[in-house]
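Let's take a walk through this fold together, starting in the middle of a sheet and working outwards. Keep the viewer open as you read.

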Amino acid sequence: MARILIIEDELAMRTALAETLRGHGYRTLTAHDGVSGLEKACTERVDLILLDIMMPGLDGFALCREIRRRGIRVPVLMLTAKGMVDDRVQGLDSGADDYLVKPFSMKELVARIRALLRRSESERRCPQKLVLGTLTVDFPRQTCQRDGKPIELSDKEMRMLRLLAEKAGEAVSRDEFLDVVWEYNAYPTTRTVDNFIHSLRAKLEPDPDNPRYIVTVRGIGYRLTTEG
């Protein structure tokens, strides 16, 4: 199970977070300020960091920037009472992956953690490049080209393609697309998945009406094949 570092200066909150996460099967370690949090982030093996912003000495923004400067790429979820748009932007610009404003429900916190860990695991498993005929997708750079000419893919289209690439040869259900791509947000209907697949085929397939690469698996969902 994933190991989570909690960096929070308030003892009551730190304790509640640790107990909740342990109750969901996660392993935890804690730090009471930014300095000790930075030391643990650099010396301990962790899979995700919960980071409070309002801390004495080294605040969460500065700490997150330093963590990223040192090459630590684990997901960072910021927890703070600061809810203004500029604060959220500053948190994301400092290198955080997500942002949750206090007070929050523990249920939502756990859902966001699951989503971030899924995405992190997905990025580790996903191939760097996907080649479909004359089309090349570079996942780290988030680019798609056919014969050297760029093809614009939306964020969700790219994430759907990434999931298909991870499971190359296996069927991906509509529910799995919703769970991974739309994460913890209010789910749209499964018809939304079909609409996005239709859009992907229009952009990627030589003949979208007779798909060669993104094929339908009847009663389940879709499968990626690179043998078209």
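Start at Val217, whose bridge partner in strand 12 is Gly221. Strand 12 covers residues 221-224, and four bridges tie it, antiparallel, to strand 11. A quick word on terms: helices (H or I, at least four residues) and strands (E, at least two) are DSSP runs, numbered from the N terminus, and two strands count as paired if DSSP finds at least two bridges between them. Residues are numbered from 1 along each chain as its sequence is written. You're looking at a predicted model, where local features need pLDDT of at least 70 and side-chain atom pairs count only at pLDDT 80 or more, while totals for chains, interfaces and linings use all residues; side-chain values use heavy atoms, with hydrogens and water left out.

Now zoom out to the sheet around that pair. It's an open sheet of three strands in the order 10-12-11, with antiparallel pairing. Strand 10 (171-173) and strand 11 (214-217) sit at the edges with a single partner strand each, so each has one side without a neighbour in the sheet. From one strand to the next, the twist averages 35°. Two helices lie against this sheet. Helix 7 (residues 174-181) packs on it by touching strand 10 and strand 12, and the direction of helix 7 makes about 70° with that of strand 10. Helix 8 (residues 190-204) touches strand 11 and strand 12, its direction making about 150° with that of strand 11. Contact here means heavy atoms within 4.5 Å; axes are lines fitted to C-alpha atoms, for helices over the stretch in contact, and angles run from 0 to 180 degrees between N-to-C directions.

Helix 8 has another partner too. Its axis and that of helix 6 (residues 155-166) come within 10 Å and cross at roughly 90°. That makes helix 6 roughly perpendicular to helix 8 (under 35 degrees is roughly parallel, over 145 roughly antiparallel, 65 to 115 roughly perpendicular, and the rest oblique). Which residues of helix 6 meet helix 8? They are Lys156, Glu157, Met160 and Leu161, and across from them in helix 8 are Val193, Phe196, Ile197, Ser199, Leu200, Lys203 and Leu204.

Next, follow the chain back to another open sheet, this one with four antiparallel strands in the order 6-7-8-9. The edges belong to strand 6 (129-132) and strand 9 (149-150), each with a single partner strand, so one side of each lacks a neighbour in the sheet. Strand 6 and strand 7 (residues 135-138) pair over four bridges in the antiparallel sense. Within that pairing, Lys129 stands opposite Asp138, and Leu130 stands opposite Val137. The two strands make a hairpin with two residues between them, and Gly133 in the turn has a positive phi of about 65°. Strand 7 also pairs antiparallel with strand 8 (residues 143-146), again over four bridges, and there Thr136 has Gln145 as its bridge partner. This second hairpin has four residues between the strands, and Gln142 takes a positive phi near 60°.

Helix 2 (residues 34-43) is worth a stop. Its buried residues are Gly34, Ser36, Gly37, Leu38 and Ala41, where buried means under 20% relative accessible area, exposed over 50%, and partly exposed in between (1.4 Å probe, protein chains only). They pack against strand 1, strand 2 (27-31), strand 3 (48-52) and helix 3 (60-69). At the start of the helix, a side-chain oxygen of Asp33 comes to within 3.4 Å of the backbone nitrogen of Val35. The side chain of Asp33 also makes a polar contact with that of Ser36, at 2.7 Å. A polar contact is a pair of N or O atoms within 3.5 Å; within protein, one must be able to donate a hydrogen and the other to accept it, and residues adjacent in sequence count only if both atoms are side-chain atoms. Ser36 itself is buried, at 16% relative accessible area.

For contrast, try Ala81, in the loop between strand 4 (76-80) and helix 4. With 59% relative accessibility, Ala81 counts as exposed. Leaving aside neighbours within four places in sequence, Ala81 is in contact with Val101 and Lys102.

How far should you trust the details? The protein chain averages a pLDDT of 88, and 93% of the residues score at least 70; pLDDT is the predictor's confidence in each residue, from 0 to 100. Among the elements, strand 1 (residues 3-7) has the highest mean, 97, and helix 4 (residues 85-93) the lowest, 76.
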